[in-house]
Amino acid sequence: MARMTTHNLDARNLLCPMPVIKAQDAVAKLSSGDVLEVTCTDPGAAHDIPAWCRVHGHSVKEIKQGSNELVVIIEVGETDG
Amino acid sequence: MIKQPKAVALVSGGLDSMLAVKVIQEQGIHVEGINFFTGFCVEGHTHAIRKKDSAKPKRNNALWVAEQLGMKLHIVDVIEEYKDVLLNPKHGYGANLNPCLDCKKFMVHKAVEWIEKNGFDFIITGEVMGQRPMSQRKDTMPIVAQESGADDLLLRPLCAKLLPETKPEREGWVKRENLYNFSGRSRKPQMALAEKFGFDDYAQPAGGCCFLTDASYSAKLTDLWRARGDRNYEMDDVMLLKVGRHIRPRDNFKLIIGREEGENNFLSGYKKRFINMHITSHRGPLLLVDGRPDHPDLELAAQILARYSQGRDESEVSVEVTDLEGNVTNMVVKPMPADSILKKWHV
């Protein structure tokens, strides 16, 4: 059985939609069940990354809101590959 | 079993592409969306910068549209490739620096590459004949199809009946009689169709999605190119032109002054790359200096900055200046009177 792995993506200092694009490109390389933690500084990412996840069938496990940055934790759903 | 045809739709986040997708979905076609980020898109980040816009929803409209339609949306970074479209448009510019025809051609061409890579059958757009003065005319729409390489794989569901038959129609993947013949600048047919589909909340339609159609933005970009003597640009240039008050008192330097807290926060991210100033004796904005100012130029900059601070009516205010090496100096200046900041300095 494939093991779930956790990956990190630094999307700090990028403005939307770039954090979404970076997350999308990172998810494309992962397998179902993997976890991607995306660190962002643009507050818009808290809306856009979950919206992107919803349309692609991935789930957002948690959004950790810090004072200057936030971490969106994505669990990869079914992948096309 | 007959394979279900698959289409990719160019999705801006406006009403027209939303309708085009729905029309094709209604015909049993699997549709996914593609959205290109050129750097000049009005979407998203500009709302995030300005605090005064914080009451507006910060949603990405293309993603929102995809969600309403139950389709996947692929967002593609084309910032680098787009430079050639903007700098060398074969078909020229529109009223401002908008290379609409070359832009559409470029995006459709990227969609052709995408369908080839992903095994999709055709491309749809929300174009309406006669709606845009450059890229959506009866004579230019075929140019987009030809020069993009899409040819008859490009279907415009909202005005297909006014155009030659495409492959999806010929092959019977979609029924031509269920497509539309919208033309002109009136939005009434689109609004009626939106009502039919039950769409009641959609972004302000077409035309407003790109900064290059904006006269004020285009003037700032033209000024930047002229001052540098070079038309190349980086993403940071594109972003900075969207933010703050831009004042060029001399040819050799320009001032970028935050207009409110959100802009000051955004500009502060660039402090290490520009000479910057802020007022220490009063509340006031952050200023970045773009160019090669000498000492008298910096004094002038400080006087202008003081004008936009709460010390504007004082006889003197204190200004802290940080140079590119991080050295900090202090100046005391008299705020410049409003009428001395010449109108022609405002970019």
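1. Start with helix α12 of chain B: L298(B), A301(B), A302(B), Q303(B), I304(B), L305(B), A306(B) and R307(B) are buried in it. Bear in mind that this is a predicted model. The helix covers residues 295-307, 13 in total. From first C-alpha to last it reaches 19 Å, close to the 18 Å you'd expect at 1.5 Å a residue.

2. What sits over those buried residues? The cover on α12(B) includes strands β6 (245-250), β7 (253-257), β8 (275-279), β9 (286-291), β10 (317-322) and β11 (328-333) of chain B.

3. Now the largest nonpolar core, which has 114 residues. The members touching the most others are A7(B), I123(B), L287(B), L305(B) and V319(B). Helix α5 of chain B (residues 100-118) is the top contributor, giving eight residues. Domain 1 (6-212) and domain 2 (243-345) of chain B both put residues into this core, so it lies between them.

4. A7(B) is worth a click. Ignoring neighbours within four places in sequence, A7(B) is in contact with I24(B), I29(B) and V31(B), and also with F120(B), D121(B), F122(B), I123(B) and I124(B).

5. On to where the two chains meet: 17 residues of chain A and 18 residues of chain B make up the contact. On the chain A side, α1 (18-27) and α2 (45-56) each supply at least two residues. The largest share there comes from α2(A), with seven residues. Sorted by class, that side of chain A has nine nonpolar, five polar and three charged residues.

Conventions
Residues are numbered from 1 along each chain as its sequence is written. Chains are lettered from A and ligands numbered from 1 in the order in which they are written. This is a predicted model: local features need pLDDT of at least 70, side-chain atom pairs count only at pLDDT 80 or more; totals for chains, interfaces and linings use all residues. A nonpolar core is a set of buried Ala, Val, Leu, Ile, Met, Phe, Trp, Tyr and Cys residues joined through C-beta atoms within 7 Å. A residue is buried if 20 or more other C-beta atoms lie within 10 Å of its own, exposed if 12 or fewer, and partly exposed in between; C-beta atoms are placed from the backbone. Helices (H or I, at least four residues) and strands (E, at least two) are DSSP runs, numbered from the N terminus. Domain bounds come from an automatic or database domain assignment. Two residues are in contact if their C-beta atoms, placed from the backbone, lie within 7 Å. Ala, Val, Leu, Ile, Met, Phe, Trp, Tyr, Cys and Pro count as nonpolar, Asp, Glu, Lys and Arg as charged, and the others, Gly among them, as polar. The expected span of a helix is 1.5 Å times one less than its number of residues.
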